[in-house]
Amino acid sequence: MSAAPLAHDPASPDLGRLVVRCPDRPGIVAVLSRLLADVGANITESQQHSSDPTGGVFTLRLEFVLPGLTTRRRQLEGALELLAAQWDLTWRLTEAARRPRLAVFVSRTDHVLQELLYRVRAGDLRADITAVVSNHPDLEPVATAAGVPFHHVPVTPETKAEAEARALELVGDVDLVVLARYMQIVSADFCGRFPERLINIHHSFLPAFVGANPYRAAHDRGVKLIGATAHYVTADLDAGPIIEQEVARVDHRATVEDMRRIGRYVERQVLAQAVTWHVEERVVVEGDRTIVFA
């Protein structure tokens, strides 16, 4: 017989996450702490941010343990609804045991897809990848080996709208879409289907080195830093709120292939971290920026 999960374990059915936003004023932390105490919850993690303590927006993320959370959730939601009216706050409440459903879009390169599949298999990313969609058939063996359905949806300029509609039909109702080196620009309509639920990864050479071979251009220019950026996708190309970034240093000895290899490594880490933070309700969009409670 397997042991019951510990209360602080991410798989525990008693572990909840609460993210609250409201105008900043004295007393809000005390009020929320009292609300959770009154229903018998124990706060295990608390992080907060104020855009301006003299009148900005206050953001609070709490993790808590509440025995019987699933059956007592409605009681907690009722208390939060009353508080929302009094304090002009918005909130979202999730159960940590619930595994979000992810769809991953790829083209021909597999490094970031492999990283996501590994982290799910290892238990580091508590989510389920329910579909891999690609405009090329190359990575079908990777998805198949991981037991994930693979969908080949070719895209041409003439069939782009139809291809997107087909892809949306195939992935169904998912919590997050990840563009894991998907070399297609998605439409504004596609972005609108997944507000703050569509994450992309790209190298750090934009906008200085664009085109089909940015690593060659960066190498020829003598670039000394290689990096990657993971961000939410909006209708403005590569301009959505940034979630995570990282860099690695290179020197004059690095070949173009060395730089590509290092770039793949950084992209893997950055995208996987961004997806993990999103799944764990650690990212809050604030205009063109994000608050990340890492």
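This tour proceeds through the structure by selection, from an open sheet to a second group of strands and then to two cysteines.

The model is predicted, so local features require pLDDT of at least 70 and side-chain atom pairs count only at pLDDT 80 or more, while totals for chains, interfaces and linings use all residues. Residues are numbered from 1 along each chain as its sequence is written, and side-chain values use heavy atoms, leaving out hydrogens and water.

**The open sheet**

Select strands 1 to 4, where strands (E, at least two residues) and helices (H or I, at least four residues) are DSSP runs numbered from the N terminus. These four strands form an open sheet in the order 2-3-1-4, with antiparallel pairing; two strands pair if DSSP finds at least two bridges between them. At the edges lie strand 2 (42–50) and strand 4 (90–95), each of which pairs on one side only. From one strand to the next, the twist averages 10 degrees. Such angles run from 0 to 180 degrees between N-to-C directions, with axes fitted as lines to C-alpha atoms, for helices over the stretch in contact.

Next, select residues 15–23 and 57–65. These are strand 1 and strand 3, which run antiparallel and are joined by nine bridges. L15 has V65 of strand 3 as its bridge partner.

Add residues 69–87 to the selection. This is helix 2, which lies across strand 1, strand 3 and strand 4 and runs at about 170 degrees to strand 4; contact means heavy atoms within 4.5 Å.

**Strand 9 and its partners**

Move to residues 198–203. In this strand, strand 9, six of six residues are buried (under 20% relative accessible area; exposed is over 50%, partly exposed in between, with a 1.4 Å probe and protein chains only). L198, N200 and H202 point one way, and I199, I201 and H203 the other way.

Select strand 8 (residues 176–179), which pairs with strand 9 in the parallel sense over three bridges. V177 has L198 as its bridge partner in strand 9. The chain passes from strand 8 through helix 6 (residues 188–193) to strand 9 in a right-handed β-α-β crossover: with the strands pointing away from the viewer, the path from the first strand over the helix to the second runs clockwise.

Strand 10 (residues 225–232) pairs with strand 9 in the antiparallel sense over five bridges. There, A230 is the bridge partner of I201.

**Two cysteines**

Finally, select C22 and C191. C22 is buried at a relative accessible area of 3%, and C191 is buried at 7%. The whole structure contains zero disulfides, a disulfide being a pair of cysteine sulfur atoms within 2.5 Å.
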